[in-house]
Each structure stands twice: as structure tokens, then as C-alpha cells.
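Dear colleague,

I am handing over the structure we spoke about, and I would be grateful if you could look through it with the notes below beside you.

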Amino acid sequence: MELFNLKGKVAIVTGGNGGIGLAYARGLVKAGAKVAIWGRNATKNDRAIKELEDLGGEVFAFLADLTDASRAKEAFQATIAHFGKVDICFANAGGAGPQGRLHEISENDWNGVMDLNLNSVVHTYKPVIQHLLERKAPGKLIVTSSIAAVMGTGFASGYATTKAAVLGLTRSLAVELGRKGIQVNAILPGYIETEMARQAPDAFREATLRRSCSGQNGTLEQMEGVAVFLASKSSDFMTGQNIVLDGGHTIYPL
Ligand SMILES: NC(=O)c1ccc[n+]([C@@H]2O[C@H](COP(=O)([O-])OP(=O)(O)OC[C@H]3O[C@@H](n4cnc5c(N)ncnc54)[C@H](OP(=O)(O)O)[C@@H]3O)[C@@H](O)[C@H]2O)c1
């Protein structure tokens, strides 16, 4: 459909080699975008390339730990060398961070989750923003936050803190970049079965099921369309927003 057509567009998806990022990448490829996936695991990158190419996609992968700003820059430069430009960027790479009460979490572990879920987003966005402004090109920046940003997460406060912080970043960048034709939005998934989510205790999974209006947790397939919408011109009048995909978890009246 023309409204959601991404032909001629180039998208970066960090953490695009698995889970939610790979689901975004599937959606983007199906809508016609060329996709660069950045991740740390070579085997996962290779598997994802094969899968996306089988869908007819033009795909490029780069190995980078995005907690390191210089590696994010290298990933960006390699993507430009490969595709010539970038129009869309999904800052999605992330992880659960340390478990426990705040006073029990070491400074090192706290800083680690800040680097993983917050600073990596900044490292990813910076070269993309500079590139879009230099090209005077429209663009789309999308971060994967979480419903933890608005609900909090007992015993994983670092995670919830980073996911709330990227919402502040999203709204700030929406203001900074709006007049340049760049939209900045956040996706807040509820529980989606992925490698990260499988680390959560069964009790957590059961609790999320109880709060889902549909009685089901989310699937990866359900993440594809929202990625296409936020990457396409259909979302040109939407910026600084939090898009919640949680089966009604956050509105469930207990
Ligand atoms: N699943 C859920 O229920 C849920 C709910 C809300 C929000 N989220 C968010 O969704 C995003 C994706 O998570 P997921 O559930 O899809 O988990 P996942 O399957 O574990 O995927 C995490 C992705 O991030 C990449 N990654 C992790 N650390 C990285 C680093 N330092 N540098 C570069 N890449 C890194 C991983 O690639 P490598 O394996 O190659 O490192 C992987 O592709 C995360 O930001 C997460 O917080 C998930």
C-alpha cells in the first residue's frame, strides 16, 4: 500500500538480529526498505541476514557493541559506505539489566544498564541526526522503550529508569528536530516472548497474562506493522509520542 511504502528508504535497526528488532526489520523489508542491522553476535547477524534476504530484502549487518560510542560511529559509517544514506533509525538494542532492590545494585551494574539501554540510544542517534541535518532530509527516529517506563519495575529499577529516560529524550528530540522534518517516537511494548523476556520468572509471565485484556501476551508478528507505520509517511504528523503495544496491560482494571 502506497501509504506505508518504504521503497527507496534505508533503515537502521539496532538489535535487529533477533527478537523485537528482527520483527521490526521483517516489517520494514516487507514494506520495501533496505535494512542495516547492528548487533554483537555474528551467528545471529548471519541468521537474520539470511531470513531477511529470503523475504526479498537488501540487508547489511554490522557487529558492534553499542555501549561504545566509537563502535556506533563505525557502524554508522559502514552503513553509509554500504547503502549511501540513512532515512530511518530504530534504536532498539537493549537488555534487562540487574535485578534486586536499588540499594543492593552495584554502581557498576547500574552504570551498565544505563550504558546499554540509554547511552547506546544516544550513541546510535547522534551520527544519524547529524547525517539527516547535513542532507536536509526528512527522517524517522524510533526507540524501543517499554511499559516499564510508565509502570515501573520492582526489583529492576535500572531497567524502568532507562526506559523512562528514553521517553524524555524522544520528546526533547521531537522539539529539536520537528522543523527539520524529522519525527521522533517511542514504542512501549508489553510482554513479548523473546530471548530477553524468557529470562523473566514464570510468575512475571503469568501476571502479564492476567492483565492482558485479550488474555494473551504479544507476538513478534504484532510488532511488524507499528514499525512500518512509524517509519512511513503515514506517521508524518506524529512526533514525540509513546506508542503502547501491550494488549491493554497498562489500562487493565485490577
Ligand atoms: N520482550 C519484551 O517483552 C520487551 C518489552 C518491552 C521492551 N522490550 C525492549 O525491546 C528491545 C529488544 O529486546 P528483545 O525483547 O527483542 O530482546 P532480545 O531478543 O534479547 O534482543 C536484544 C537485542 O539487542 C542486541 N543487543 C543487546 N545488547 C547490545 C549491545 N551492547 N550492543 C549492540 N546490540 C545489543 C542483541 O544483539 P546481540 O545478541 O547480538 O547482542 C539483540 O539483537 C529492548 O530494548 C528491550 O528492552 C522488550
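What follows goes from the chain as a whole to two helix pairs and then to a handful of single residues.

Please keep in mind throughout that this is a predicted model. The protein chain contains eight helices and seven strands, and its radius of gyration is 17 Å, close to the 18 Å that the globule rule gives for 254 residues, so the chain is as compact as a globular protein of that length. Along the principal axes, the C-alpha atoms occupy a box of roughly 45 × 40 × 40 Å. Of the 254 residues, 44% are buried. If one takes the contacts between residues at least 6 apart in sequence, 72% of them join residues that are at least 24 apart.

The helix pair I would look at to begin with is H1 (residues 19-30) and H8 (residues 224-231), whose axes come within 7 Å and cross at roughly 60 degrees. An angle of roughly 60 degrees falls outside the 65 to 115 degrees that would count as roughly perpendicular and is not under the 35 degrees required for roughly parallel, and H1 and H8 are therefore oblique to each other. The crossing in which H1 passes H8 is right-handed. On the H1 side the residues involved are Ala 23, Tyr 24, Arg 26, Gly 27 and Leu 28, and on the H8 side they are Glu 224, Gly 225, Ala 227, Val 228 and Ala 231. Sorted by class, this contact of H1 with H8 comprises six nonpolar, two polar and two charged residues.

One residue of that contact, Gly 27 in H1, also serves as a reference point for Lys 7, since the two are 20 residues apart in sequence and 12 Å apart in space, C-alpha to C-alpha. Lys 7 itself belongs to the segment before strand E1 (10-14), and it counts as exposed because it has 9 C-beta neighbours inside 10 Å, where 12 or fewer is the limit for that class.

The second pair is formed by H3 and helix H4 (residues 107-135), which pack at an angle of about 40 degrees with their axes 9 Å apart. H3 and H4 are therefore oblique to each other, and their crossing is right-handed. Here Ala 69, Ala 72, Lys 73 and Phe 76 from H3 meet His 123, Thr 124, Pro 127 and Val 128 from H4, and the residues of this contact divide into five nonpolar, two polar and one charged.

Two further residues of H3 may be worth a look. Gln 77 is found in helix H3 and is partly exposed, having 13 other C-beta atoms within 10 Å; its C-alpha atom is 19 Å from that of Gly 8, a residue 69 places away in sequence. Ile 80, which also lies in helix H3 (residues 69-83), counts as partly exposed with 16 C-beta neighbours inside 10 Å. Once its neighbours within four places in sequence are left aside, Ile 80 is in contact with Lys 85 and Val 86, while the C-alpha atoms of Ile 80 and Ala 36, which are 44 residues apart along the chain, are separated by 9.7 Å.

Two loop residues deserve a check of their backbone. Lys 136, in the loop between H4 and strand E5 (139-144), has a positive phi of about 50 degrees although it is not a glycine, and with 8 C-beta neighbours inside 10 Å it counts as exposed. Phe 155, in the loop between helix H5 (148-151) and helix H6 (157-177), likewise is not a glycine and has a positive phi, in this case of about 70 degrees; with 13 C-beta neighbours inside 10 Å, Phe 155 counts as partly exposed.

Lastly, Ala 165 is found in helix H6 and is partly exposed, with 18 other C-beta atoms within 10 Å, a count that stays below the 20 needed for a buried residue. The C-alpha atoms of Ala 165 and Asn 117 are separated by 9.2 Å, although the two residues are 48 apart along the chain.

With best regards

Key:
Residues are numbered from 1 along each chain as its sequence is written. This is a predicted model: local features need pLDDT of at least 70, side-chain atom pairs count only at pLDDT 80 or more; totals for chains, interfaces and linings use all residues. Helices (H or I, at least four residues) and strands (E, at least two) are DSSP runs, numbered from the N terminus. The radius of gyration is taken over C-alpha atoms; the globule rule is 2.2 Å times the number of residues to the power 0.38. Two residues are in contact if their C-beta atoms, placed from the backbone, lie within 7 Å. Axes are lines fitted to C-alpha atoms, for helices over the stretch in contact, and angles run from 0 to 180 degrees between N-to-C directions. Angles under 35 degrees count as roughly parallel, over 145 as roughly antiparallel, 65 to 115 as roughly perpendicular and the rest as oblique. A crossing is left-handed if the near helix is turned anticlockwise from the far one by less than a right angle, and right-handed if clockwise. Ala, Val, Leu, Ile, Met, Phe, Trp, Tyr, Cys and Pro count as nonpolar, Asp, Glu, Lys and Arg as charged, and the others, Gly among them, as polar.
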